[in-house]
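Colleague: I am new to reading structures, and I would like a close look at one part of this one. Could you walk me through it slowly?

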Amino acid sequence: MDGVNEKLAKSLTAESTDLIPFLPYLLQDLWELGSSPRDMLDLIIKHVPVTKETRILDLACGKGAVSVVLARELGCRVKGIDILPEFIEFAIGKAKEWGVEGLCEFTIGDINQSVRKERDYDIVILGAVGDVLGDPEETITLLKKTGKTGGYILIDDGYGQDETNSKYHTREQWLEIFEKTGVRLMEEKAISDGDLADLNDEQQRYIVQRANELKERLPEKATLFEGYIQSQQAEWDELENEIMGVTLLLQSSH
Ligand SMILES: C[S@@+](CC[C@H](N)C(=O)[O-])C[C@H]1O[C@@H](n2cnc3c(N)ncnc32)[C@H](O)[C@@H]1O
């Protein structure tokens, strides 16, 4: 499909697809790549009647931080799909480490295809994946089809402050989209400023260190790695100042 690599790069804040082969190296020290497993878990516990039969689909699961925590804490089955083989390998290792390899299935795939094949889930998750599946309306429409009637959708995204930021819809725009796509907003959990600052500092330290190592090892590509540090910094600033990171729990109403 057109643009898969461009969107993949963008989903991990890389400006150029030339960075794709280096992303596993740059992100090797991190497990969580965007969403807060704890916030997702809290929302599920509060609103969703979970049993051992509950099936969860984690689309673009990254290194499996959300999937593994949910399988461990809820005891239900989770399928995670991501396009980067190194991330899937890492997720499989983590599932073993946490003793939930029997509950987790991790596979390599393009979620543009998986979302059209996977069906009958109780909960579908799209955490910090941006516009890989399209704009919010297209995304919710596709996610809804993977779930049962009355199934749940968890999305980690951001509210823009006003309509000048074309990358992020405002809260009002998201609410209109929920209405149009037939989903009910059960709860929205904003990421707290303290959590965000701590996470950003930690992630930033690791990423800058790995980018500097690559700059030394491959000086001819120094601009590429410097660009990655810059775009990460810009995204952290944006999250701290311009947009509100939010985890949304939606329920499909028909
Ligand atoms: C910011 S990370 C979030 C990972 C995970 N959901 C989390 O919150 O920890 C974005 C993820 O989207 C994945 N991705 C981007 N495009 C994809 C596609 N077309 N199919 C599958 N995964 C994709 C990337 O490989 C990356 O792991």
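Which elements make a right-handed β-α-β unit here?

Modeller: Happy to help! Please keep in mind that this is a predicted model. The right-handed β-α-β unit is made by β1, α4 and β2, so let us take its pieces in turn, as a right-handed crossover is one where the path runs clockwise when the strands point away from you.

Start with the two strands. Strand β1 covers residues 55-59 and runs parallel to β2, and five bridges join the pair. To find your place on the screen, look for L57, which stands opposite K79 in β2.

Now stay on β2, residues 77-82, and look towards β3, residues 104-108. These two strands are parallel as well, joined by five bridges. K79 is a handy landmark again, because a bridge is what places residues of paired strands opposite each other: here K79 stands opposite E105 in β3. Between β2 and β3 the chain passes through helix α5, residues 85-97, in a β-α-β crossover that is right-handed. With β1 and β3 both paired to it, how does β2 sit in the structure? Five of its six residues are buried, so β2 is largely enclosed by the rest of the structure.

Next comes the helix of our unit, α4. The largest nonpolar core has 58 residues, and L59, I125, I153 and L154 touch the most other members. Helix α4, residues 65-74, gives this core its largest share, seven residues. For a closer view of the core, pick L154: beyond its neighbours within four places in sequence, L154 is in contact with M40, L43, I123, I125, T247 and L249.

Helix α4 also leads us to the ligand. Around the ligand there are 25 residues, and G34, S35, A60, G62 and G127 come nearest. The elements giving two or more residues to this shell are α1 (4-11), α4 and α6 (111-117). Helix α1 provides the largest share, four residues. Sorted by class, the shell has 15 nonpolar, six polar and four charged residues.

So helix α4 belongs to the right-handed unit with β1 and β2, gives seven residues to the core, and is among the elements around the ligand.

Methods:
Residues are numbered from 1 along each chain as its sequence is written. This is a predicted model: local features need pLDDT of at least 70, side-chain atom pairs count only at pLDDT 80 or more; totals for chains, interfaces and linings use all residues. A nonpolar core is a set of buried Ala, Val, Leu, Ile, Met, Phe, Trp, Tyr and Cys residues joined through C-beta atoms within 7 Å. A residue is buried if 20 or more other C-beta atoms lie within 10 Å of its own, exposed if 12 or fewer, and partly exposed in between; C-beta atoms are placed from the backbone. Two residues are in contact if their C-beta atoms, placed from the backbone, lie within 7 Å. A residue is near a molecule or strand if its C-beta atom, placed from the backbone, lies within 6 Å of it. Ala, Val, Leu, Ile, Met, Phe, Trp, Tyr, Cys and Pro count as nonpolar, Asp, Glu, Lys and Arg as charged, and the others, Gly among them, as polar.
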